Amino acid sequence: MNRHRLYMAVFSMGIQHSMEYRFHFFLGLLGAAFPILVQYFIWTAVYQHSGQTALFSYSYGQIILYTILAGLVSKLIATQFEHQIADDIKNGGLNKYLIKPMSYFGYRLVSFFGQKAIYYGITALLLIAIIWLASARDVLDVQAVRLILFAFTLWGALLLNFLIAYCICASAFYLQEISYFFVITSLLVNILSGGMFPLEIFGESVVKALQYTPFPYTIYFPVNVLSGKTEAAAMYQGLLIQCGWILVFFWLSRLTWRVSMKKYSAVGG
Amino acid sequence: MFKIMRKYALLYGMFIKNCLIAQMEFRGNFMMSLLVESVYLLAKLLYVLVVFRTDLHVDGIPPEGLLLFIGMHTVVTGIYVGLFFTNFTKIPEYIKDGSLDLMLTKPVSLQFMASLRYVDLALPIPDILVGFVMVGIGWHAMDIPLTFLQLMGFFLLLLVSVVITYCLMIIPALLSFWFVQTGSVSEIAHSVWDANNFPMAIYPAWVRRIGTFVIPLFLITNFGPMFLLGQLSWLYAGLALAGSLLLFTAVRLLWKQAVKGYSSASS
């Protein structure tokens with residue numbers, strides 16, 4: 001079997017896997033809607049009380065748009081394979097991949113993209129509805145170039161988030177009890193990526209400092225590209241930086257896994 | 001009656017002791033639980049950050065006063081994850097693998113055994129600590145007198161919160177008697193839970209009505225602080241207590257109905 005057909009098969013397996021839990025996915029979307037609603041009411045109260053048109057440099061419409069988009073994007077890019085990888089490492093399931101003529105990294109990546117393909121489609125539909133609503137209410141000035149760049153950065157965000165999680169997974173070679181660890185890292189990464197609140201609430205210096213980390217390029221940056229908060233010049237620069245981080249983390253994930261794999265002792269299987 | 005209550009209190013004490021011993025055996029996990037809950041707490045404190053940075057007033061209550069609400073929510077969350085969370089996630093497992101059979105044969109109430117057997121002593125520590133500090137700050141800043149009556153009213157309403165929390169959060173677990181996979185329902189329940197982080201005054205009237213009378217979610221964290229701020233009379237506090245006991249009776253009946261339909265699996 002050639003490489004192309006092999007990865008197509010893995011991709012389609014990913015799609016099938018994601019469709020296995022359709023109901024779960026839709027309930028998950030519903031679950032994601034509640035925090036967004038709660039935040040909507042909180043921000044409404046905040047803006048009504050303050051009487052200012054812009055807080056943290058966001059207008060009322062912009063912050064609501066940010067909250068909805070950030071909620072959607074963080075759901076889209078969320079990784080769920082950490083526990084599987086940790087399980088493979090701990091219980092020796094990794095053995096069967098090691099002897100196969102494909103890389104574990106490639107398998108995980110392609111299967112992750114396969115799992116996300118349907119989600120990406122549904123999110124795209126939701127996004128069209130939201131963008132249409134927002135532009136009808138004059139919150140959003142729709143520009144073709146921003147839409148295209150948003151689609152690009154969203155794929156980049158997906159890839160970057162995968163790579164960050166994959167690097168973190170390498171720690172499963174060293175740590176005994178890992179499930180807690182993933183809860184902590186995924187929540188922290190989400191906060192630092194602007195998944196809960198726009199990063200501006202932490203203050204200007206923190207936003208500046210975070211620009212030097214990969215995290216804003218997974219949620220904060222794509223959302224602001226679409227909402228028009230990022231300047232045109234900063235948009236292209238950000239895209240380049242995102243690509244840079246993807247390369248760095250690609251290299252880092254290869255390195256950490258190559259080093260850690262030497263420690264792997266293939267127990268059980 | 002008194003004798004039965006004594007027996008159950010004694011038994012519950014035994015559960016706590018047993019869980020403490022088990023948790024102390026895996027101290028690393030204990031520390032990890034502490035850390036996990038602290039990170040969740042950190043995420044919650046982001047709301048406090050927003051409140052103070054925007055100087056949010058809800059219904060004339062300044063940010064310091066809002067700490068009463070957020071603090072109460074944090075305390076009750078701590079109690080929930082400590083006393084109930086582990087049990088409620090285990091109930092669907094008992095039903096799935098049939099280990100409920102063994103519990104049925106024990107000479108104690110099945111509901112007591114299944115829903116209160118495990119106590120997590122690590123998870124609640126950060127929540128309860130930080131929650132009470134927030135309530136304390138709010139109490140002090142709002143110049144609420146520290147009298148015996150105020151304290152009693154507050155702790156009475158805290159008790160009401162715990163009873164309602166038990167009743168509401170056990171429902172997703174109870175559903176597993178009829179449906180096998182209820183993970184996503186409890187996920188939704190947990191995300192609705194955080195709607196309580198703020199005074200219900202920020203929600204529109206119809207949401208408030210649903211949250212008070214249909215699913216009494218807002219009673220959990222709103223009534224305590226509202227009582228302290230003088231927005232709630234003793235009459236309503238009494239009504240809340242009566243309501244929570246009524247709800248508990250309803251859940252008790254629902255549990256009995258659910259167990260009737262239980263047909264053991266495997267084992």
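A crossing of two helices is left-handed if the near helix is turned anticlockwise from the far one by less than a right angle, and right-handed if clockwise. That term is used below for a pair of helices in chain B.

The structure is a predicted model, in which local features need pLDDT of at least 70, side-chain atom pairs count only at pLDDT 80 or more, and totals for chains, interfaces and linings use all residues. Residues are numbered from 1 along each chain as its sequence is written, and chains are lettered from A and ligands numbered from 1 in the order in which they are written.

**Chain B**

Chain B has 11 helices and zero strands, where helices (H or I, at least four residues) and strands (E, at least two) are DSSP runs numbered from the N terminus. With a radius of gyration of 19 Å, close to the 18 Å of the globule rule for 267 residues, chain B is as compact as a globular protein of that length. The radius is taken over C-alpha atoms, and the rule is 2.2 Å times the number of residues to the power 0.38. The C-alpha trace of chain B spans about 60 × 40 × 40 Å along its principal axes.

**Two helices of chain B**

Two packed helices are described by the angle between their axes and the distance between the axes. In chain B, the axes of helix H3 (residues 63–97) and helix H7 (residues 148–175) come within 10 Å and cross at roughly 25°. Axes are lines fitted to C-alpha atoms, for helices over the stretch in contact, and angles run from 0 to 180 degrees between N-to-C directions. H3(B) is therefore roughly parallel to H7(B); angles under 35 degrees count as roughly parallel, over 145 as roughly antiparallel, 65 to 115 as roughly perpendicular and the rest as oblique. The crossing of H3(B) and H7(B) is right-handed.

Residues are in contact if their C-beta atoms, placed from the backbone, lie within 7 Å. Among those joining the two helices are B:Phe84 and B:Phe88 of H3(B) and B:Tyr166 and B:Met169 of H7(B). This contact has 12 nonpolar, two polar and no charged residues. Ala, Val, Leu, Ile, Met, Phe, Trp, Tyr, Cys and Pro count as nonpolar, Asp, Glu, Lys and Arg as charged, and the others, Gly among them, as polar.

**Chain A**

Two stretches of chain A lie in the "transmembrane region" feature of an unreviewed UniProt entry.

| Stretch of chain A | Helix | Strand | Distance between end C-alpha atoms |
|---|---|---|---|
| residues 147–168 | 100% | 0% | 31 Å |
| residues 234–253 | 100% | 0% | 28 Å |

Methods:
UniProt positions are given in the numbering used here, feature names are shortened, and annotations may be inferred rather than shown by experiment.
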